[in-house]
Each structure stands twice: as structure tokens, then as C-alpha cells.
Amino acid sequence: MKMTTIANVEVSRIGLGTWAIGGSEWGQVPDDIAVATCLSAVDRGINLIDTAPIYGRGHAEEIVGKAMRSHGRREAFFIATKAGLEWNEHGVFANSTAPRLRRELEDSLRRLNTDYIDLYQVHWPDTRTPIAEVARVLLEFQRQGKVRALGVSNFSVAQMEEFRSVAPLSSNQPPYNLFEREIDNAVLPWCAAKGVAVLTYSSLCRSLLAGRLQRGMTFNEKDIRHVDPKFQEPRFSQYLTAVERLTRFAKERYQKSVVELAARWVLDRPGVSVALWGARRPDQLDAVSGLSNWSLDSSAMAQIDRIVSESVTDPVGPEYLTPGVREA
Ligand SMILES: NC(=O)c1ccc[n+]([C@@H]2O[C@H](COP(=O)([O-])OP(=O)(O)OC[C@H]3O[C@@H](n4cnc5c(N)ncnc54)[C@H](OP(=O)(O)O)[C@@H]3O)[C@@H](O)[C@H]2O)c1
């Protein structure tokens, strides 16, 4: 496993994403399989595990806590969790007020069954709370030794600048995959220039690029893909055409699968530190071993761009994931 550093700590360039394991937006995952998935990641050299209170409304963090307990060595894990989203019967809302963050930190430490968090990330910008104020609260957590490094997620350059004027910023976590590249223009170059690590989420485009999906497939109402606009016709077919062509390209040129191509693409983009890989079962991580000892050159990158632009004529981004603004 190739490594990189976040705040001077060695972390794997593939990180396990635990959204699906939480069981609330991707269908249920039995606890023993979810714990086994975390342990299997560590066995494969993946030490970075990304989680959040919102994944399964606390359940994903509990699973990660159970995996750490069962493994026995806390230092084998680099835990990246998040704060700043609240949920109720009306939906999910950004809330990074100081009292909320203080309560969330204690809840996460309890669920993870640990006395420190390696990387504490603000999940989404809260437009009702000044970012400088949020950064001051996270700095307080870091000084208390409860969190080791500070990160953000879904932040613009201006928002990261504001955070960084108050507290050291170690990472940003944006969406990034070969269909969703909004960060190419500003966020990625800025992070590279400032030494801010980038952990990409939806590296497999929420399974579209994993190569398992078929035309005509539908998703359960409780599955996030039921409302994801990429998975609705006529767009779904356009994306699947791109995946079919990428599958042929990966096989003919590299003898690789499309999931390996998609993950390699993210890892080979300048400025990307870690690609998060969402998995619900240990075997979904088998393909990680297929990422070693090859890379995509500029002609392959250009061919991929051609396939995507020719196949997807009505692209759509991941904006539907943006949480609501809470009432004043
Ligand atoms: N900061 C944020 O706002 C934010 C937002 C989204 C995600 N994230 C983080 O990023 C992580 C990853 O992103 P993501 O959850 O959006 O999804 P992703 O990594 O793009 O895709 C994950 C899905 O791909 C499928 N998959 C994975 N490996 C496979 C394999 N080998 N063969 C076939 N299918 C495979 C599985 O879907 P099936 O269900 O079909 O098995 C899995 O649930 C999350 O878990 C979370 O930690 C963060």
C-alpha cells in the first residue's frame, strides 16, 4: 500500500469510507460484516478510516469503534471523523455552532471508544456560523488533545482561507471522480500549493464506476441512489455507456477492471492525497491490490476525457448531497 502524510502522520493513499456501513442510506449491513470490512481494510494496509456521525446516525462510528476494540491496537487506525451536521424528521442541516460541536465531539469519542480522533473534519460549511468561529472551537479541541489534526469537507477556497487564518488546516474532503471534477479549477491547485491534503470522496461515483451496475436497475427507496440524479434515466444510460467504454479501455490497454481504472485515475491526479473507497463487505476491497505498479499517462487521461465527454451529454454533479440551511 502506498502511503502519504497528513499532519506528519503516515496514512494509506486508499482510505475506507464507512457511509454504506452505517446502514441508513445504502441499505442494511449486518454488524459482523461491517466490522469485518474495517478489519479487512487494516489487514490490507489501509489505516485511514473515514466516518461521520450522520452515517447511520452514529452507527458507523460505533462499528469503527468495535473494529478498533477487536483489533486491539488503536495506533493501527487513523480515524477521520466529522462534525457539523444535524438531522431531524425534516432532513439534514449544517450546524457548526459551538455547543453543537462540543456535544458532537464527546458523542464521537464515546461511540468510537477512544480518547482522541486523528483527523476532525467540519462536514459541510454552515452558512449561519462564521467559519472563523468554527475554526476557534476546533483549535480548542486540538489544544485539549482530543483531536490531533483539523480538516474540512466540501469547503471552497475562500472558506478554507478563512479557516486557516485562525487554525492550522490539514485537509479538505471534496467529491472527486472521473465524472465529478468541480475541484480541478480552484480547490485542488489551492490545496496543493498550501500543503493541505485532499481526501476525495465518491471516488467510485457512488458505485457507478465500480462496474456492477446494469441498465434497468432500480434502487430501494432507502438507497441514496434512488434520488441521485445520475441514476435516473435518461442520464443513467449515458453514464452506463461511459462505464462500458471505460471498461473496454481498461481491459484492452491495461488488463484492468473499470473499478481499478477509476481509483487509479483519482490517485494519479496531481494534488490528491487519499482516495476514499466506500465498501460494505470485505470482498469489495479485493480490487485495491490491483492498483499497484501502474499509472495513467497523459494519453490515457485524454482518452478517458474523450470517452466521458462523448458518452455523457447531460452531466450532473453531486450537488443534491448539499445539506439544508437550518432555520434562524
Ligand atoms: N464528506 C462528505 O460530504 C462525503 C460525502 C459522501 C461520501 N463521503 C465519504 O466517502 C466515502 C466513499 O464515497 P461514497 O460512499 O460516496 O461511494 P464510492 O466510494 O464512490 O462508492 C461506494 C460503493 O461502490 C460499490 N463498490 C465498492 N467497491 C466495489 C467493488 N469492488 N465491486 C463492486 N462494487 C463496489 C459499493 O456499492 P454497492 O452498494 O452497490 O455494493 C459501495 O457502497 C464514504 O463512505 C464516506 O466515508 C463523504
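Student: Helix α3 (residues 59-71) and helix α4 (residues 98-112) cross at roughly 45°, with their axes coming within 7 Å of each other. Why is α3 called oblique to α4?

Tutor: The axes are lines fitted to C-alpha atoms, for helices over the stretch in contact, and the angle between N-to-C directions can run from 0 to 180 degrees. Angles under 35 degrees count as roughly parallel, over 145 as roughly antiparallel, 65 to 115 as roughly perpendicular, and the rest as oblique. The crossing angle of α3 and α4 is roughly 45°, and that makes α3 oblique to α4. Keep in mind that this is a predicted model, in which local features need pLDDT of at least 70 and side-chain atom pairs count only at pLDDT 80 or more, while totals for chains, interfaces and linings use all residues. Residues are numbered from 1 along each chain as its sequence is written.

Student: Which residues make the contact of α3 with α4, and how do they divide by class?

Tutor: Two residues are in contact if their C-beta atoms, placed from the backbone, lie within 7 Å. From α3 the contact takes Glu61, Glu62, Val64 and Gly65, and from α4 it takes Ser108, Arg111 and Leu112. These residues divide into 2 nonpolar, 2 polar and 3 charged, where Ala, Val, Leu, Ile, Met, Phe, Trp, Tyr, Cys and Pro count as nonpolar, Asp, Glu, Lys and Arg as charged, and the others, Gly among them, as polar.

Student: Ala67 also lies in helix α3. What makes Ala67 buried or exposed?

Tutor: A residue is buried if 20 or more other C-beta atoms lie within 10 Å of its own, exposed if 12 or fewer, and partly exposed in between. Ala67 has 25 other C-beta atoms within 10 Å, and therefore it is buried. Not counting residues up to four places away in sequence, Ala67 touches Val35, Cys38 and Leu39.

Student: How do you know whether Ala186 and Tyr320 are buried or exposed?

Tutor: Ala186, in the loop between β10 (171-173) and α7 (187-194), has 12 C-beta neighbours inside 10 Å and so counts as exposed. Tyr320, in the loop between α10 and β13 (324-325), has 11 C-beta neighbours inside 10 Å and therefore counts as exposed. Tyr320 nevertheless is in contact with Val227, Asp228 and Pro229, leaving aside its neighbours within four places in sequence; the C-alpha atoms of Tyr320 and Asp228 are separated by 7.0 Å, although the two are 92 residues apart along the chain.

Student: What makes α9 count as mostly covered?

Tutor: Of the 10 residues of α9, 9 are buried, among them Val258, Leu261, Ala262, Arg264 and Trp265. The buried residues of α9 pack against β11 (197-200), α8 (235-254), β12 and α10 (298-311). As for the labels, helices (H or I, at least four residues) and strands (E, at least two) are DSSP runs, numbered from the N terminus.

Student: Which helix gives the largest share of the largest nonpolar core, and what is such a core?

Tutor: A nonpolar core is a set of buried Ala, Val, Leu, Ile, Met, Phe, Trp, Tyr and Cys residues joined through C-beta atoms within 7 Å. The largest one has 96 residues, and those with the most contacts inside it are Ile49, Val64, Leu209, Ala262, Ala275 and Trp277. Helix α9 (residues 258-267) supplies the largest share, 8 residues. Apart from neighbours within four places in sequence, Ala262 is in contact with Asn177, Leu178, Ser203, Leu204 and Leu209.

Student: What is unusual about the backbone at Ser202, Cys205 and Pro234?

Tutor: Most residues other than glycine have a negative phi, and most peptide bonds are trans. Ser202 has a positive phi of about 55°, and Cys205 has a positive phi of about 50°, though neither is a glycine. Ser202 is buried, because 24 other C-beta atoms lie within 10 Å, and Cys205 is buried with 20. A cis peptide bond, with omega about 5°, joins Glu233 and Pro234. The loop between β11 and α8 holds Ser202, Cys205 and Pro234.

Student: Which residues come nearest to the ligand?

Tutor: A residue is near a molecule if its C-beta atom, placed from the backbone, lies within 6 Å of it; the definition for a strand is worded alike. Of the 28 residues around the ligand, Gly17, Trp19, Tyr201, Ala210 and Gly278 come nearest. By class, this shell has 13 nonpolar, 11 polar and 4 charged residues, and β12 gives the most to it, with 3 residues.
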